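Thanks for making time this morning. I would like to walk you through one structure, element by element, so please keep the view open while I talk.

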Amino acid sequence: MNGNNRVTKLPAKGNTNPRQSLLTRGTSQTGVRLYNERLALSLIRRHTSLPKAEIARFTGLSAQTVSVIVRQLEGDGLLLREKPQRGKVGQPLVPFSLNPDGAFSIGLKVGRRSGDLMLLDLTGKIRRTLHRPYHFPTPAELLAFVAEGTETLTSDLKPRERARIAGIGIAAPFEPWYGDEPGKPSGAVTDEWVNFDLAAKIGTLLGWPVHFCNDATAACAAELLFGKGSEYRDYGYFYIGYFAGGGLVLNGSLYQGRSGNAGALGSIPIPRSGGGSQQLIGAASLCVLERELTQAGGDPDVLWRNGGDWPALGAPLERWLETAAMGLAHAAAAVASVVESAAIVIDGAMPPSLRDRLVEKTRERLAQVNTRWITPFAIVSGTIGADARAMGAASLPLLANFIIDRDVLFKETA
């Protein structure tokens, strides 16, 4: 699989939407008008609804300019006019909110043991999801899942709604051909994946713009946009999937680095029990728990089935929790020592009750780590869980077309 964070744009097939400009404005126009439209959409998204007077106050734009922007966005079907707010002096204020049907996007999570597809609307609401467990699929098998799944996801959309699909986001490991041991190729389908450009193939298959992102980075983006991450300006984010990974939020924005690989927190060196060191990925990943279950004669597939709590996993789970928590405690201290993060957020593809146990154990193990001269920080649970990677992927087309960077919103609290 080639590429880091990027977008592959291909012409849409058979798109006859007379208002297609509302999707292309976000990627083809530049300048003040585009900036102001995205700013208005971002503010309304953040506050749920706003009248034009409040948009003008937050942005510093003139009332006339805001009226033109809102009228354009309403005409494009991106905003809904709500009931006037009465009871105040003067003309009643008319709030505007995002139109859920104004735009849609699709997210694809490519995991080592399962794949997920998700349909997201403009407000960030999940409309539908599909989950498919597998054992390291071939590229052809994954493309078949995408083709069948996207058709299922969009089957309830009217033609005019299908025309408002802004694109598909893909959340996947940068090197998905690695085997159970990080850094070791998987063998059977290695050659197929190494030279396979998933983004380009899916773009050709579906005809929508394609946005690609590392899977843990996508999960971090979902937490920032839709979860508890909005409570903190700076934090490290750990996502426990088949492989442990993470992300980094600085000044309220996702920091991805020059190649999209910044915040690869699974690579942080931690002490190894018995001496030496290893990377966090070798201690906190679910592939470690899968191996523990297999060696104990259990069924490791329970980790990758969708929905519900896992059954009682006994001693293998308890051993993994201890190892993972100790590793996360060391890694959390390392992150906080570098970026002085206010919090460390931990989430993962596991039942919420288990995630909360892992967070609590990590807090306990942090007391055993030398944190002298490190500014105290909170360790908290994430809020999205198993859907985080697909949700982050689905948010990418919406961010690319309609939302501006969060930093521009700080004017309102200055």
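Let me begin with β2 and strand β4, which covers residues 95-98: these two pair in the antiparallel sense, and three bridges hold the pairing. If you want a place to put your cursor, take Pro-51, whose bridge partner in β4 is Pro-95. I should say at once that what you are looking at is a predicted model, and everything I quote is computed from it.

The pair I have just described belongs to an open sheet of three strands, in the order β2-β4-β3, and the pairing there is antiparallel. The edge strands are β2, at 49-51, and β3, at 79-81, each of which pairs on one side only. From one strand to the next, the twist averages 35°. Helix α4, residues 63-75, lies across β3 and β4, and the direction in which α4 runs is at about 100° to β3.

Before we leave this part of the chain, please find Phe-58, which sits in helix α3, residues 52-59. Is Phe-58 buried or exposed? Its relative accessibility is 10%, and because the cut-off for buried is under 20%, Phe-58 counts as buried. The C-alpha atom of Phe-58 is separated by 8.3 Å from that of Leu-43, although the two residues are 15 apart along the chain.

Now to a second sheet. This one is also open, but it has five strands, in the order β12-β11-β10-β15-β16, and its pairing is mixed. Here the edge strands are β12, at 253-255, and β16, at 378-381, and each of them pairs on one side only. The twist in this sheet averages 30° from one strand to the next. As for the parallel part, strand β15, residues 343-348, is joined to β16 by four bridges, and the two run parallel; within that pairing, Ile-344 stands opposite Ile-379 of β16. Helix α9, residues 215-226, lies across four strands of the sheet, namely β10 (235-240), β11 (244-250), β12 and β15, and runs at about 120° to β10.

Just before that helix in the numbering you will find strand β9, residues 210-214, and I would like to spend a moment on it. Five of its five residues are buried, and so β9 is largely enclosed by the rest of the structure. Which residues point which way from β9? Val-210, Phe-212 and Asn-214 point one way, whereas His-211 and Cys-213 point the other, and all of these are buried. The strand β8, residues 165-172, pairs with β9 in the parallel sense over five bridges, and one position to look at is Ala-172, whose bridge partner in β9 is Asn-214.

Turning to helix packing, consider α5, residues 139-153, and α8, residues 198-206, whose axes come within 11 Å and cross at roughly 40°. That crossing is right-handed. On the α5 side, the residues that meet α8 are Leu-142, Leu-143, Val-146, Ala-147 and Thr-150, and on the α8 side they are Leu-198, Lys-201, Ile-202, Leu-205 and Leu-206. Sorted by class, the contact has eight nonpolar residues, one polar and one charged.

Next, the aromatic residues, where the structure holds five aromatic pairs. In one of these, Trp-193 and Phe-196, the ring centres are 5.6 Å apart and the planes stand at 80°, so the pair is edge-to-face. Trp-193 and Phe-196 are both buried. A further edge-to-face pair is that of Tyr-242 and Phe-243, with 5.0 Å from centre to centre and 65° between the planes. Tyr-242 and Phe-243 are likewise both buried, and together with Trp-304 they form one aromatic cluster.

Let me finish by stepping back to the whole chain. The protein has 14 helices and 16 strands, and of its 414 residues, 53% are buried. If we take the contacts between residues at least 6 apart in sequence, 69% of them join residues that are at least 24 apart. That is the tour, and I am happy to go back to any element you would like to look at again.

How values were computed: Residues are numbered from 1 along each chain as its sequence is written. This is a predicted model: local features need pLDDT of at least 70, side-chain atom pairs count only at pLDDT 80 or more; totals for chains, interfaces and linings use all residues. Side-chain values use heavy atoms; hydrogens and water are left out. Rings of Phe, Tyr and Trp (its six-membered ring) pair if their centres lie within 6.5 Å; planes under 30 degrees apart count as stacked, over 60 as edge-to-face and the rest as tilted. Buried means under 20% relative accessible area, exposed over 50%, partly exposed in between (1.4 Å probe, protein chains only). Two strands pair if DSSP finds at least two bridges between them. Axes are lines fitted to C-alpha atoms, for helices over the stretch in contact, and angles run from 0 to 180 degrees between N-to-C directions. Contact means heavy atoms within 4.5 Å. A crossing is left-handed if the near helix is turned anticlockwise from the far one by less than a right angle, and right-handed if clockwise. Ala, Val, Leu, Ile, Met, Phe, Trp, Tyr, Cys and Pro count as nonpolar, Asp, Glu, Lys and Arg as charged, and the others, Gly among them, as polar.
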